[in-house]
Amino acid sequence: MAKEEKNTLENTQLKDIISHAKEYGFVFPSSEIYDGLQAVYDYGQMGVELKNNLKQVWWKSMTQLHQNIVGIDSAIFMQPDTWKASGHIDSFNDPMIDNKDSKKRYRADVLIEDKAAEYEKAGDKEKADALLKLMGHLLEKEDLTGVQELIIAEGIKCPISGTSNWTEVRQFNLMFSTQVGSVAEDSTTIYLRPETAQGIFVNFLNVQKTGRMKIPFGIAQIGKAFRNEIVARQFIFRMREFEQMEMQFFVRPGTEMEWYNKWRESRKKWHEVVGVPSEKLRFHDHEKLAHYANAAVDIEFEFPFGFKEVEGIHSRTDFDLKQHQELSRKKMQYFDNDLNEEGKPYGNYIPYVVETSVGADRLFLMTLCNAYQEEEITENEQTKTRTFLKFHPAIAPVKAAIFPLVRKDGLPEKAMEIFDDLKYDFNMIYEERDAIGKRYTRQDLIGTPFCIAVDYQTMEDNTVTVRERDSREQKRMNISELRQYIGDAVSMKRIFEQL
């Protein structure tokens, strides 16, 4: 397939998914009646259910399945010295470049990454890797002039103007700031947190002591973060207000690479178990490491716009705890009793940290892109395209829909009786409008795994027809069997037992 045709297909697929997300209540542009706000979105009635299910699977798989991982919920606002210690005030920057003709601003590293992706799609992975390696080397040296020269040398053009009339590359801090205080002249500048990790680090001792946690142990958190992204694009992939699901795993110095490799494999498997095919996932090792890391890898998913990061696994060394110890003058050390049992002297040390960090919004987008299916089917001797969302039943927004075949003869009342009985266990929909075929289609479009039809035979023998979303197969069963049948399929246990 020619490159232009492939790009057109990918753009069309993303547009179809974005349109589907809005039309069926998954994602809306924020404050749309006022023409919206760039890179800010709201989750609709189906989207919030899907997102909450994904967060619940992540949370339980971290905290419920691991005795040595607990959770917290730290505040969005933090004492400003937190961000001084973490390095965000001084170095939380992205390299930006402007096109003089279009007046548009871009992240320089993203432009180069997109160029590398072009090489890879053309089959020249070696050239793509070499370009990324060179970019990583330049960014590590903070050689912004070299980055600009690389962009020009690669012939990278502005997508809007089509020219290479670039400015110099400059660093741009991404943190949002605001004021706290009742009187303007006495107010203090604070920041909306750009990540949730620091809330975990400053609570390290609180959790360790109150929970009597022993190394190795982890602290998990789900929460909002905020970054003033200049280049916000690709729907909800890159937003200014987003949600992170992070776990910081505290280990003995010297064991961090062992744990890094364990979490690297464990997290990839988690995505596969939730329903993502392994061939659509890959690891991407960082060429340029963050100032706090000694190893870092991304788990990338093949979105319609190419392979992009969904989750990062980082070996953060003892950087964060050590920085907070120095600035706060509070000891962030752990007294390791187990060292003596191993014939080593008791020791106080600052633990090393292995981080797993997944974007809830990117996870949502990956799940939606992966679930979006179009297939040719034949009904009544006619071939048509069927669109449906193939969610893992455990994360589907709605678990089952109840349909009376007709709106008379006691069928609606019987259907509501079943609905009322099952609604305490599952998120359900009752629907009686339109032909039953149209009702099936509507449920396919939101990814409901089961539809239950109540007909005249139900009134005679208490059996119903259950239609399965993916295969469209229908089976007859007694009403008394429904709870266990649906419950077995949609239980998160189906995911957990594979981890």
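A residue is called buried when its relative accessible area is under 20%, exposed when that area is over 50%, and partly exposed in between. The structure discussed here is a predicted model. With the cut-offs in hand, lysine 115 can be placed: its relative accessible area is 17%, so this lysine is buried. Its salt-bridge partner is glutamate 118, and the closest N and O atoms of the two are 3.8 Å apart. Glutamate 118 has a relative accessible area of 35% and is therefore partly exposed. Both residues belong to helix H5 (residues 108-121), and because they are three residues apart, about one helical turn separates them. An α-helix has 3.6 residues a turn, so residues three or four places apart point the same way.

Helix H6 (residues 125-140) holds a similar case for study, with aspartate 129 and lysine 125 four residues apart, about one turn of the helix. These two form a salt bridge in which the closest N and O atoms are 3.0 Å apart. Aspartate 129, at a relative accessible area of 36%, is partly exposed, and lysine 125, at 44%, is partly exposed as well. Elsewhere, Lys51, Lys55, Glu243 and Asp361 are joined into one network by salt bridges that share partners.

A salt bridge can also link distant parts of the chain. Aspartate 94 and arginine 107 form one, with 3.3 Å between the closest N and O atoms. Aspartate 94 sits in strand S4 (residues 93-98) and arginine 107 in strand S5 (residues 105-107), 13 residues apart. Aspartate 94 has 10% relative accessibility, so it counts as buried. Arginine 107 is buried too, with a relative accessible area of 11%. Over the whole structure, a search finds 39 salt bridges.

The next topic is the division into domains. The domain assignment gives domain 1 (1-81 + 189-368), domain 2 (94-173) and domain 3 (391-497). In the contact between domain 1 and domain 2, 15 residues come from domain 1 and 16 residues from domain 2. The centres of these two domains, taken over C-alpha atoms, are 26 Å apart. The size of an interface is often given as the accessible area lost when the parts come together. Between domain 1 and domain 2 the buried area is about 1,300 Å², and carbon and sulfur atoms give 52% of this area.

How many salt bridges are there between domain 1 and domain 2? The count is two. A salt bridge also joins the side chains of arginine 282 and glutamate 120, with an N to O distance of 2.6 Å. On the side of domain 1 that touches domain 2, helix H1 (3-23) and strand S11 (281-285) are the elements that give two or more residues. H1 gives the most to this side, with three residues. By class, this side of domain 1 has three nonpolar, three polar and nine charged residues.

Some single residues show what burial looks like in other places. Phenylalanine 235 is in the loop between strand S9 (217-226) and strand S10 (241-251). Its relative accessibility is 8%, so phenylalanine 235 counts as buried. Leaving out residues up to four places away in sequence, phenylalanine 235 touches Ile18, Ala21, Val27, Tyr41 and Leu365. Asparagine 370 lies in helix H13 (residues 360-371). Its relative accessible area is 13%, so asparagine 370 is buried. With the same residues left out, asparagine 370 touches Gly275, Val276, Pro277, Lys280 and Phe301.

In helix H11 (residues 319-328), the buried residues are Phe319, Asp320, Leu321, His324 and Gln325. Their cover includes helix H3 (81-86), helix H8 (197-201), H9, S10 and S13. After H11 comes arginine 329, which has a positive phi, near 60°.

The backbone deserves a last look. Most residues other than glycine have a negative phi, and most peptide bonds are trans. Threonine 317, in strand S13 (residues 306-317), has a positive phi near 55°. Arginine 472 also has a positive phi, near 65°, and is placed in the loop between strand S22 (463-468) and strand S23 (474-478). A cis peptide bond, with omega about 0°, joins isoleucine 215 and proline 216. Proline 216 lies in the loop between helix H9 (204-210) and S9.

Terms used
Residues are numbered from 1 along each chain as its sequence is written. This is a predicted model: local features need pLDDT of at least 70, side-chain atom pairs count only at pLDDT 80 or more; totals for chains, interfaces and linings use all residues. Side-chain values use heavy atoms; hydrogens and water are left out. Domain bounds come from an automatic or database domain assignment. Contact means heavy atoms within 4.5 Å. Buried area is the accessible area (1.4 Å probe) that two parts lose on being put together, summed over both. A salt bridge is a side-chain nitrogen of Lys or Arg within 4 Å of a carboxyl oxygen of Asp or Glu. Ala, Val, Leu, Ile, Met, Phe, Trp, Tyr, Cys and Pro count as nonpolar, Asp, Glu, Lys and Arg as charged, and the others, Gly among them, as polar. Buried means under 20% relative accessible area, exposed over 50%, partly exposed in between (1.4 Å probe, protein chains only).
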